[in-house]
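Colleague: I would like to go through the labels on this model one by one. Tell me what each rests on.

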Amino acid sequence: MTIQQHVGFRLGHGERDHSGCTVALFDRATVASGEIRGGSPATREFDLLEPQRANQGIDAVVLSGGSVFGLASVDGVVRHLAEQGRGVRFGNQTIPIVPAMGIFDLNQSRPTPPTAETGIAACESATADIGPFGPVGAGLGATVGQWRGISRPSGIGWSYTRFRDVIVEAVVVVNAFGEPGQHSAIQAKDRFHWPEESFLPAEGGNTTIGVVSTNAMLNKLECHLIAQGAHDGLARAITPPHTRADGDGFIAAATGTAKTRLDPDVVRTMAMTSVETAIQEA
């Protein structure tokens with residue numbers, strides 16, 4: 001049995017030349033946390049996701065190509081949400097809460113990084129229906145395999161795990177320095193029969209990022225646990241994971257609409273499975 005719509009959000013893509021952005025627009029302010037494990041992250045508003053921070057809800061997540069330049073797409077998403085009255089109220093101001101992560105795809109055919117207008121286009125195209133995935137939005141210029149001197153096309157993968165009425169869904173932009181698949185782990189094992197001083201130099205095309213959404217009943221600290229599970233799924237799927245050339249990051253959000261109450265460690269395991277499968281699908 002498959003789910004027909006995303007868990008508590010609408011997904012949209014905006015694109016420019018060989019790069020783009022993907023936005024997850026939540027139906028309402030949603031509790032969320034996140035974690036970065038790669039050595040070279042490109043992020044915006046990520047600190048507020050830490051469990052000790054006061055913020056208790058986000059309005060959207062932006063996944064972007066174009067590295068730090070592509071984070072300009074968040075401006076368009078913030079503008080779109082503010083016009084709809086979404087966000088935290090401070091006097092007469094409404095401030096949308098939109099954390100974001102970017103991948104490095106600047107070595108792919110001289111891409112044009114997404115702009116604020118690209119972010120607006122992503123919002124306007126957002127739908128609750130599943131898909132499309134692959135080389136779209138933030139995954140338009142994604143590649144994998146640079147750790148061994150190749151550059152294979154990749155993109156956005158999607159998967160979900162269900163237990164009773166609890167669903168854990170993963171949308172992942174796979175742009176890894178490493179490589180997904182069991183074959184990559186075997187190659188790594190063979191490589192270390194004859195150790196070398198280093199992997200091949202990173203020339204860009206790095207970082208795996210994603211958003212995990214669940215209808216489980218979780219608080220912000222428990223969402224942080226789910227983000228950790230997402231990274232466990234990445235580490236199971238990609239060899240090598242979390243290198244200094246990657247900026248790997250995940251945001252986990254929980255709508256709390258499920259009737260079944262699951263132990264957070266069970267939800268974490270579901271997140272691990274969803275992310276691992278989504279990466280393989282990409």
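Colleague: What stands opposite A252 in strand 15?

Modeller: S33 does. Keep in mind that this is a predicted model. In strand 2, E35 also has a partner in strand 15, namely F250.

Colleague: How do you know that strand 2 and strand 15 pair?

Modeller: Pairing needs at least two bridges. Strand 2 (residues 20-36) and strand 15 have 6 bridges between them. That meets the cut-off. The two strands run antiparallel.

Colleague: What makes strand 13 a partner of strand 15?

Modeller: The criterion is again at least two bridges. Strand 13 (residues 209-214) has 6 bridges to strand 15. Here the strands run parallel. One bridge puts S213 with A253.

Colleague: Why is strand 15 called largely enclosed?

Modeller: Buried means under 20% relative accessible area. In strand 15 (residues 249-254), 6 of the 6 residues are buried, so the rest of the structure largely encloses the strand.

Colleague: How do you know that both faces of strand 15 are covered?

Modeller: In a regular strand the side chains alternate between the two faces of the sheet. On one side of strand 15 sit G249, I251 and A253, and on the other F250, A252 and A254. All of these are buried, so both faces count as covered.

Colleague: What makes strand 2 mostly covered?

Modeller: Of its 17 residues, 13 are buried. Strand 2 has further partners too. With strand 4 (residues 58-64) it shares 6 bridges, antiparallel, and V23 is paired there with V62. With strand 1 it shares 7 bridges, also in the antiparallel sense. In that pairing E15 has G20 as its bridge partner.

Colleague: What do strand 1 and strand 2 form, and which residue in the turn has a positive phi?

Modeller: They form a hairpin with 4 residues between the strands. H18 is the residue with the positive phi.

Colleague: What makes the phi of H18 worth a remark?

Modeller: Most residues other than glycine have a negative phi, and most peptide bonds are trans. Phi of H18 is near 70°, a positive value, and H18 is not a glycine.

Colleague: Why is H18 called partly exposed, and R164 exposed?

Modeller: Partly exposed lies between under 20% and over 50%. H18 has a relative accessible area of 36%, so it is partly exposed. R164 has 61% relative accessibility and therefore counts as exposed. R164 also has a positive phi, about 55°, without being a glycine. Its place is the loop between strand 10 (155-163) and strand 11 (166-174).

Colleague: Which peptide bonds are cis?

Modeller: The bond from G131 to P132 is one, with omega near -5°. P132 lies in the loop between helix 3 and strand 8 (143-144). The bond from T239 to P240 is another, with omega near -10°. P240 lies in the loop between strand 14 (238-239) and strand 15.

Colleague: Why are helix 2 and helix 3 called oblique?

Modeller: Their axes cross at roughly 50°. Under 35 degrees would be roughly parallel, and 65 to 115 roughly perpendicular. The angle fits neither class, so helix 2 and helix 3 are oblique to each other. The axes of helix 2 (residues 73-83) and helix 3 (residues 116-125) come within 6 Å. The crossing is right-handed. Helix 2 contributes S73, D75, G76, V77, R79 and H80 to the contact, and helix 3 contributes A116, E117, G119, I120, C123 and E124. By class these are 4 nonpolar, 4 polar and 4 charged residues.

Colleague: What covers the buried residues of helix 3?

Modeller: The cover includes strand 1 (9-15), strand 2 and helix 2. The buried residues are A116, T118, G119, I120, A122 and C123.

Colleague: How do helix 5 and helix 6 cross, and which residue classes make up their contact?

Modeller: The axes of helix 5 (residues 220-237) and helix 6 (residues 264-281) come within 7 Å and cross at roughly 40°. The crossing is right-handed. Among the residues that meet are L225, I226 and L234 of helix 5 and V267, M272 and I279 of helix 6. The contact has 11 nonpolar, 4 polar and 6 charged residues.

How values were computed:
Residues numbered from 1 in each chain as written. Predicted model: local features only at pLDDT ≥ 70, side-chain atom pairs only at ≥ 80, totals over all residues. Heavy atoms only, no water. Buried < 20%, exposed > 50% of the residue type's maximum accessible area, 1.4 Å probe, protein only. Axes fitted to C-alpha atoms, helices over the stretch in contact; angles between N-to-C directions. Parallel < 35°, antiparallel > 145°, perpendicular 65-115°, else oblique. Left-handed = near helix turned anticlockwise from the far one by under 90°. Contact = heavy atoms within 4.5 Å. Nonpolar A, V, L, I, M, F, W, Y, C, P; charged D, E, K, R; others polar.
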